[in-house]
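Good morning, and thank you for coming. I should like to take you through one structure, and I ask you to keep the display in view while I speak.

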Amino acid sequence: MNFRKFSAWFLVVLLLLTSGACSDSKPPKKELKIPRLFVLSGVVDTGKEPSFLVTDDFNADGNLDLLVANSAEHTLSYFKGNGDGTFKEGITLKSGADPICITVADFNNDKLPDFAELNYQDQTIHVFVNTGNSFRNSGEIIKPGKIPINLTSADFNGDGLNDLAVSLRFHKVAILWGKGNGFFSEPEEHPVKGQPTGLVSDDYNQDGLPDLAIALAGSGRTGVQLFWGKKGGQFEPSELFRGGGQPLTIVNFDANGDGYVDLLTSSNSLHAITMLLNNKDKTFTTLPDFSSGEFPKFVAAYDFTEDNIPDLAVSNSTADTISVSLGYGDGTFTYPPTLHGVEEYPQGIVVGDFNNDGKMDLAVSCRDKNMINILTKRNLPPGFTIHPRETGGDPT
């Protein structure tokens, strides 16, 4: 075949392929266009480089409050909510050096939420006891182990007192048993299969005992490992489940509505989110990684569209956005995500009804602007719904 005939033949084939004339061709799926669900409605000034963020009704007045770690000035800022989406002037609390994580629980059994905060630079934990109007440092400086990364709380030994679990960089998790007065035991170390980062607790196998889920990242083995809770505060380590290339944060929620808690990790350096579905038999099925924005830092899961299916809100640090992906109810989510602009370098993200209108809003700490952005939930368009995933249709 000479060049001219070959070129003509190639052009015919190319036209057939691109025109959809082949019998097995399928129309491409449409990209889902989700309206913005939130509007930026306010800002709250914090200390320097706010990062980890939590919300609770700390003063029991019926309004949600905010507590944020200011990493660059070694403080925390406590903001009492007014119930209308605004907050009172912050109360500054002195932390350890470089606070990076906060966990909220009742550590002295007075029915008020207290908190423990983890400090990266001086490798300590400080516990703050709720006084009703503010907090006081318990005075105990806890040293959980070498290079602590993250912490969470639960009653791991079933004695009615909340304990602490801390991830330590060099392949360990430390458990500190609560004494019920805001103080804790010496750390009890447990080896893990990689370098632990984020960790969360729940009863994943529904045996009535709290378990621990640990994200593993770094240069060694990566993924998620479970510590199955046993009576008396014992743990049964699991094998390693695939759970993202470099998972740094990990989140609990029931993604597919089967009554069992699933897991989701974010790998910010890989710009990826990974879903692990609970198989109800102490194993997990890992779904393919998906994208929800650039450099995803923290994730919040909630049913924003009120269809009984949880959705995702993700802070994308290098893009200065919050991305929202709506759930299909099978562990998958809409793509592309809907982007909401916020101030520079968003970090911590929490969900709460800050203006008491019955709709869940977002609060986001923006590190490089020293502030928290409040994003108020908008009303959904009339008749808004998402077509089933297999149709590939647009939402209506």
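Let us begin with one pair of residues: in β19, the bridge partner of I250 is T265. The names of strands come from DSSP runs (E, at least two residues), and helices from runs of H or I of at least four residues, numbered from the N terminus. Two strands are said to pair if DSSP finds at least two bridges between them.

Before going further, I must say that this is a predicted model, in which local features need pLDDT of at least 70 and side-chain atom pairs count only at pLDDT 80 or more, while totals for chains, interfaces and linings use all residues. Residues are numbered from 1 along each chain as its sequence is written, and side-chain values use heavy atoms, with hydrogens and water left out.

The bridge just named belongs to the pairing of β18 with β19, which run antiparallel and are joined by five bridges. On to the next pair: β19 and β20 are also antiparallel, over five bridges, and here S266 stands opposite I273 in β20. Four residues lie between the strands in the hairpin of β19 and β20, where H271 takes a positive phi near 55 degrees. Strand β20, residues 272-278, then pairs with β21 in the antiparallel sense over three bridges. There, L276 faces T286 in β21.

Put together, these strands form an open sheet of four, in the order β18-β19-β20-β21, with antiparallel pairing. Its edge strands are β18 and β21 (284-286), each of which pairs on one side only. From one strand to the next, the twist averages 25 degrees. For such angles, axes are lines fitted to C-alpha atoms (for helices over the stretch in contact), and angles run from 0 to 180 degrees between N-to-C directions. As a general remark, strands of a sheet pair through backbone hydrogen bonds, either parallel or antiparallel.

Is strand β19 mostly covered or mostly open? Strand β19, residues 262-267, is mostly covered, as six of its six residues are buried. Buried here means under 20% relative accessible area, exposed means over 50%, and partly exposed lies in between (1.4 Å probe, protein chains only). In a regular strand, the side chains alternate between the two faces of the sheet. In β19, D262, L264 and S266 point one way, L263, T265 and S267 point the other way, and all are buried.

A second open sheet of four strands has the order β22-β23-β24-β25, again with antiparallel pairing. At its edges are β22 and β25 (338-341), each pairing on one side only. Neighbouring strands of this sheet are turned by 25 degrees against each other on average, direction ignored. Within this sheet, four bridges join β24 (residues 321-325) to β25, and the two run antiparallel. One bridge links V324 with T338 in β25.

I turn now to the pockets. On a 1 Å grid over the protein atoms alone, a pocket is an open set of points with protein on both sides within 12 Å along at least five of seven lines, whereas a cavity is a set where a 1.4 Å probe fits but cannot get out; lining residues have an atom within 4 Å of a point. Grid points are joined across faces, edges and corners, and a volume is the space filled by probe spheres set on the points.

How much space lies in the largest pocket? The largest pocket holds about 880 Å³. Of the 30 residues that line the largest pocket, the closest to its centre are F52, V54, V200, I250 and V299. Elements giving two or more residues to this lining include β2 (50-56), β18 (249-253) and β22 (296-302). The lining of the largest pocket divides into 19 nonpolar, 10 polar and one charged residue. Here Ala, Val, Leu, Ile, Met, Phe, Trp, Tyr, Cys and Pro count as nonpolar, Asp, Glu, Lys and Arg as charged, and the others, Gly among them, as polar.

The second largest pocket has about 600 Å³ of space. Of its 26 lining residues, the closest to the centre are I100, I149, N150, L248 and K297. β14 gives the most to this lining, with four residues. By type, the lining of the second largest pocket has 11 nonpolar, 10 polar and five charged residues.

Finally, please find N63, in the loop between β2 and β3 (65-70). N63 counts as buried because its relative accessible area is 14%.
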